[in-house]
Amino acid sequence: MTDNTVMLGDCTELMERLPEGSVDMIFADPPYNLQLDGELLRPNNSRVDGVDDAWDRFDSLAVYDDFTRRWLRAARRVLREDGTLWVIGSYHNIFRVGAILQDLQYWILNDVIWRKSNPMPNFRGRRFTNAHETLIWAAKDKDARYTFNYQAMKSLNDDLQMRSDWLLPICSGGERLKDGTGRKAHSTQKPEALLHRAILAATKPGDLVLDPFLGSGTTAAVAKRLGRRYLGIEREPHYAEIARKRIAKVRPIDDLALIETPSKREQPRIPFGTLVERGLLEPGTVLYSPNRRWRARVRADGTLISSDFKGSIHQVGAHVQGAPACNGWQFWCLDVEGRLVPIDMLRQKLRSEMN
């Protein structure tokens, strides 16, 4: 198998030729089977440039289900045991895809709502504006030790837990690829921001990302930029050529420090006492709670003592609050020129010296 390439052909057939368990993540944007009937016009009678391509047409739901089952089975075989699969769809197909995923023993981790900040209006005024699409994130089974870069997602979201509803714009403006006549090069091109988030969440630098419906190449372009390997499959020759040209222009981020976000569990364990041993905190130093309501002093053995209790940074923090538990690294702060700074800053300083 050659990675960092675009393969031309049927995705099921080509995935069946790939080595078993060779892919770390799959992002699939399959045909939605929109079942459009006739042209869609705006109020001014101009034609909406929607999805009416031959590749999105299926003779029946049974035919679509068979197609879905075949490519998902092939995807499961090629996915490594701890790999994950993302599949995106609309109300036309995502519920059928989800049921087949479960029939094939995939384990659904999340459904993510991509809420479009600039959706296409409902021109006929007979339904709600369709302002979202759904992504299903799944592992091969419930015991899989899949990758989830929690800290990266939290950092991406201003240090708040990343939620399962993502507000992102549709692909438009300069990002939207055009053909020689100025029309969309691909009718369902996804925004790079969407792929950036999915790939950053579920892979590590150097992992192999497969897109079996590559289209204009968004998945591969983002994977390359983020220092991941990519493999794309596309059955339409003109789309494959568009994708190849697009990917060739992408400059990968070569500095690992800029794309790697290790989880806190993977970072070296540093006991609080190490800060005392290294002289970063002197015995007798006063630490404060974030609101300065409580205070405690550092002891030479790496414990704290408050007015009526002594113990670890976590035990003393829990005691003064009357709480069952406490993260002492975030609770206790050092007064630095009148500003309270969590002692976790000192721990991170030591960790940076160890790397």
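**Exercise 1. Start at tryptophan 71: work out its burial and its ring partner.**

Solution. Tryptophan 71 has a relative accessibility of 0%, so the residue counts as buried. This value, like all the others here, comes from a predicted model.

Next, look for the partner. Tryptophan 71 and phenylalanine 213 form an aromatic pair, with 5.2 Å from centre to centre and 85° between the planes. Planes over 60 degrees apart count as edge-to-face, and that is the class of this pair.

Then place the two rings in the fold. Tryptophan 71 belongs to helix H2, while phenylalanine 213 sits in the loop between E7 and H6, so the pair ties together parts that are 142 residues apart in sequence. Finally, check the partner's burial: phenylalanine 213 has a relative accessible area of 14% and is buried.

**Exercise 2. Stay in helix H2 and classify the pair of tyrosine 64 and phenylalanine 67.**

Solution. Begin with the wider search, which finds 13 aromatic pairs in the whole structure. In one of them, tyrosine 64 and phenylalanine 67 have their ring centres 6.0 Å apart and their planes at 45°, which makes the pair tilted.

Now for the spacing along the chain. The two residues are three apart in helix H2, so about one helical turn separates tyrosine 64 from phenylalanine 67. Both tyrosine 64 and phenylalanine 67 are buried.

For a further look at rings, find the cluster in which ring pairs link Trp86, Trp137, Tyr146, Phe148, Tyr150 and Trp166.

**Exercise 3. Lay out the sheet, then put two helices on it.**

Solution. First, write down the strand order: the eight strands run E1-E8-E7-E2-E3-E5-E4-E6 in an open sheet with mixed pairing. Second, look at the ends. Strand E1 (5-8) and strand E6 (165-168) are the edge strands, and each has a single partner, so one side of each lacks a neighbour in the sheet. Third, consider the twist: neighbouring strands are turned by 20° against each other on average, with direction ignored.

Fourth, zoom in on one pairing. Strand E7 (residues 208-211) and strand E8 (residues 229-234) are joined by four bridges in the parallel sense. Here leucine 208 faces arginine 229 of E8.

Fifth, add the helices. Helix H2 (residues 61-78) lies across strand E2 (23-28), strand E3 (79-89) and E7, and its direction is at about 145° to E3. Helix H5 (residues 192-202) also packs on the sheet, where it touches E2, E3, strand E4 (107-116), strand E5 (132-139) and E6. The direction of H5 makes about 145° with that of E6.

**Exercise 4. Is lysine 140 buried or exposed, and what surrounds it?**

Solution. Locate the residue first: lysine 140 is in the loop between E5 and helix H4 (150-156). Its relative accessibility is 7%, so lysine 140 counts as buried.

Now list its surroundings. Beyond neighbours within four places in sequence, lysine 140 is in contact with Arg76, Leu79, Arg80, Glu81, Gly83, Gln105, Tyr106 and Trp107. With glutamate 81 there is a polar contact, side chain to side chain, at 3.2 Å.

**Exercise 5. Describe the setting of glycine 227.**

Solution. Glycine 227 lies in the loop between helix H6 (218-225) and E8. A relative accessibility of 24% makes glycine 227 partly exposed. Leaving out residues up to four places away in sequence, glycine 227 touches Pro205, Gly206 and Ile259. As a last step, take glutamate 260: this residue is 33 residues from glycine 227 in sequence, with 9.3 Å between the C-alpha atoms.

**Exercise 6. Examine the backbone at asparagine 4 and aspartate 159.**

Solution. Asparagine 4 is not a glycine, yet it has a positive phi of about 55°. Asparagine 4 belongs to the segment before E1, and its relative accessible area of 39% makes it partly exposed.

Turn next to aspartate 159, also not a glycine, with a positive phi of about 65°. Aspartate 159 sits in the loop between H4 and E6 and is partly exposed at 49% relative accessible area.

**Exercise 7. Decide where to read the model with care.**

Solution. Take the whole chain first: its mean pLDDT is 89, and 92% of the residues reach 70 or more. Then go to residues 40-48, over which pLDDT stays under 50. For this stretch the model has 17 contacts beyond four places in sequence. Where pLDDT is low, the predicted coordinates should not be read in detail.

Terms used. Residues numbered from 1 in each chain as written. Predicted model: local features only at pLDDT ≥ 70, side-chain atom pairs only at ≥ 80, totals over all residues. Heavy atoms only, no water. pLDDT = per-residue confidence, 0-100. Contact = heavy atoms within 4.5 Å. Pairing = 2+ DSSP bridges. Axes fitted to C-alpha atoms, helices over the stretch in contact; angles between N-to-C directions. Buried < 20%, exposed > 50% of the residue type's maximum accessible area, 1.4 Å probe, protein only. Polar contact = N/O pair within 3.5 Å; in protein donor to acceptor, adjacent residues only side chain to side chain. Phe/Tyr/Trp six-rings, centres within 6.5 Å; stacked < 30°, edge-to-face > 60°.
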